[in-house]
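Me: I am in my first year and would like to learn how to look closely at a single part of a protein model. Please take me through one region slowly, and then show me how it fits into the rest.

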Amino acid sequence: MKKKKKSISYGKWGQIFILPFFIIYFIFSLIPLADTVRYSFYEYYRSGIKEVGPNFVEMANYISLLKSDMLAYGKNTLILWLIGFIPQIVIALVLASWFTDARLKIHHKQFFKVVIYLPNLIMASAFALLFFTLFSTSGPVNSILMSLGWINSPIDFMGSVFGTRSLIGLMNFLMWFGNTTIMLMAAIMGISVEVFEACEIDGCNSLQRFFYITLPMIRPILAYTLITSIIGGLQMFDVPQILTNGQGNPDRTSMTLIMFLNNHLKSKNYGMAGALSVYLFIISAILCFIVYKMTNDNDPDGSKAAAKKAAREERRRRR
């Protein structure tokens, strides 16, 4: 009698190989996350060498945060994100369209890709220190402008709300537009060439090709870019922290939510920090859900809408 060969269960080995990820995630992410939510309902902080708590205070931490300047800092965070993100997505879309358009015959594409991606490799702290040096009252930018005779006295870029926010937005734009461009280029290159050829045969111009073919076809990547950008924007910390020395000047108009959270962690106010973390999670979830609904098209050809309309008309006739 022939012996039956033992079959290899590849599914079992796949589960074994991914098991370490779930173990590490459970220990280092899920447990701390649950602990953060738990501490948000407790009064727990240090006052000098004295440790207060943990004392269960229900929703007191959440109510205290709503009465604080948290909403103003949330507004600052949103403004700083928009200043950097709007030019980032616009320029990234334009560059991605140019670099993937075979009709333009752009030479040295690889070189340009490397150049626009390089700022993404620079650490945010180094970027912030560089801009702090360049745009200080005694920095090179003011020196050049004065030597050209364009200004009579140094401009205090970081002494005005517009100047500080513009510098933070510019830094965020420079650091991330290259990464966004590369992702959008990959998305556009994934579109079938036959679609663009049919577009040209039908006589579409460049704008029609971009708005009616390119944008709808790369909608999933656009949604991913928007969602990750929102999460990163709400977590904005290092650039404004270093540029303003943690003060959020002028008049705390560049203080972000994570800088506010860092102040509570520094003061060992764990309960308040936990409540603020929960607020951040809720805000991120709401904004990401809105973006997902705006960019997710479940009826690309309009067939579902047409069917619903036909069903409504049929119901009216029966009545």
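In which loop does arginine 252 lie? Please begin there and work outwards.

Reply: Arginine 252 lies in the loop between helix 11 and helix 12. Before looking at details, please keep in mind that this is a predicted model, with a mean pLDDT of 85 for the protein and 93% of its residues at 70 or more. As a general caution, where pLDDT is low, the predicted coordinates should not be read in detail.

Let us start with the backbone of this loop. Phi of arginine 252 is near 60°, which is a positive value in a residue other than glycine. The relative accessible area of arginine 252 is 35%, so this residue counts as partly exposed, since that class lies between the 20% limit for buried and the 50% limit for exposed. Proline 250 is found in the loop between helix 11 and helix 12 as well, and the peptide bond that joins asparagine 249 to proline 250 is cis, with omega at about 0°.

Asparagine 249 deserves a longer look. Its place is in the loop between helix 11, residues 238-243, and helix 12, residues 257-266, and its relative accessibility is 37%, so asparagine 249 counts as partly exposed. If residues up to four places away in sequence are left aside, asparagine 249 touches Thr164, Thr244 and Ser254. A position to set against these contacts is isoleucine 63, which is 186 residues from asparagine 249 in sequence and 26 Å from it in space, C-alpha to C-alpha.

A useful companion to this loop is another residue with a positive phi. Glutamate 58 has a phi near 55°, and glutamate 58 too is a residue other than glycine. Glutamate 58 lies in the loop between strand 2, residues 50-56, and helix 2, residues 60-67, and with a relative accessibility of 51% glutamate 58 counts as exposed, because that value is over the 50% limit.

From the loops we can turn to a residue within a helix. Alanine 223 has its place in helix 10, residues 219-234, and alanine 223 is buried, because its relative accessible area of 9% is under the 20% limit. Not counting residues up to four places away in sequence, alanine 223 touches Val291 and Thr295. The C-alpha atoms of alanine 223 and asparagine 296 are separated by 7.6 Å, although these two residues are 73 apart along the chain.

Side chains with rings offer another way of reading the model. A pair of aromatic rings is described by the distance of the centres and the angle of the planes. A search of the whole structure finds 16 aromatic pairs, and one of them is the edge-to-face pair of phenylalanine 21 and phenylalanine 22, at 5.3 Å centre to centre and with 70° between the planes. Phenylalanine 21 is exposed, with a relative accessible area of 54%, whereas phenylalanine 22, at 45%, is partly exposed. In a further pair, the rings of phenylalanine 135 and phenylalanine 157 have centres 5.2 Å apart and planes at 85°, so this pair is edge-to-face. Phenylalanine 135 is in the loop between helix 5 (124-134) and helix 6 (140-147), while phenylalanine 157 is in the loop between helix 6 and helix 7 (161-189), and the pair thus links distant parts of the chain, 22 residues apart. Both phenylalanine 135 and phenylalanine 157 are buried, and ring pairs link them with Phe127 and Phe131 into a cluster. A ring can also have a charge over it: the charged end of arginine 38 sits over the ring of tyrosine 39, 4.7 Å from the ring centre.

Finally, we can step back to the whole protein, which has 14 helices and 2 strands. Among its elements, helix 3, residues 70-100, has the highest mean pLDDT, at 92, and helix 14, residues 303-318, has the lowest, at 73. The radius of gyration of the protein is 26 Å, whereas a compact globule of 319 residues would have one near 20 Å. Of these 319 residues, 33% count as buried. Among contacts between residues at least 6 apart in sequence, 64% join residues at least 24 apart.

Note on methods
Residues are numbered from 1 along each chain as its sequence is written. This is a predicted model: local features need pLDDT of at least 70, side-chain atom pairs count only at pLDDT 80 or more; totals for chains, interfaces and linings use all residues. Side-chain values use heavy atoms; hydrogens and water are left out. Rings of Phe, Tyr and Trp (its six-membered ring) pair if their centres lie within 6.5 Å; planes under 30 degrees apart count as stacked, over 60 as edge-to-face and the rest as tilted. Buried means under 20% relative accessible area, exposed over 50%, partly exposed in between (1.4 Å probe, protein chains only). Helices (H or I, at least four residues) and strands (E, at least two) are DSSP runs, numbered from the N terminus. A charge sits over a ring if NZ of Lys or CZ of Arg is within 6 Å of the ring centre and within 35 degrees of the ring normal. pLDDT is the predictor's confidence in each residue, from 0 to 100. The radius of gyration is taken over C-alpha atoms; the globule rule is 2.2 Å times the number of residues to the power 0.38. Contact means heavy atoms within 4.5 Å.
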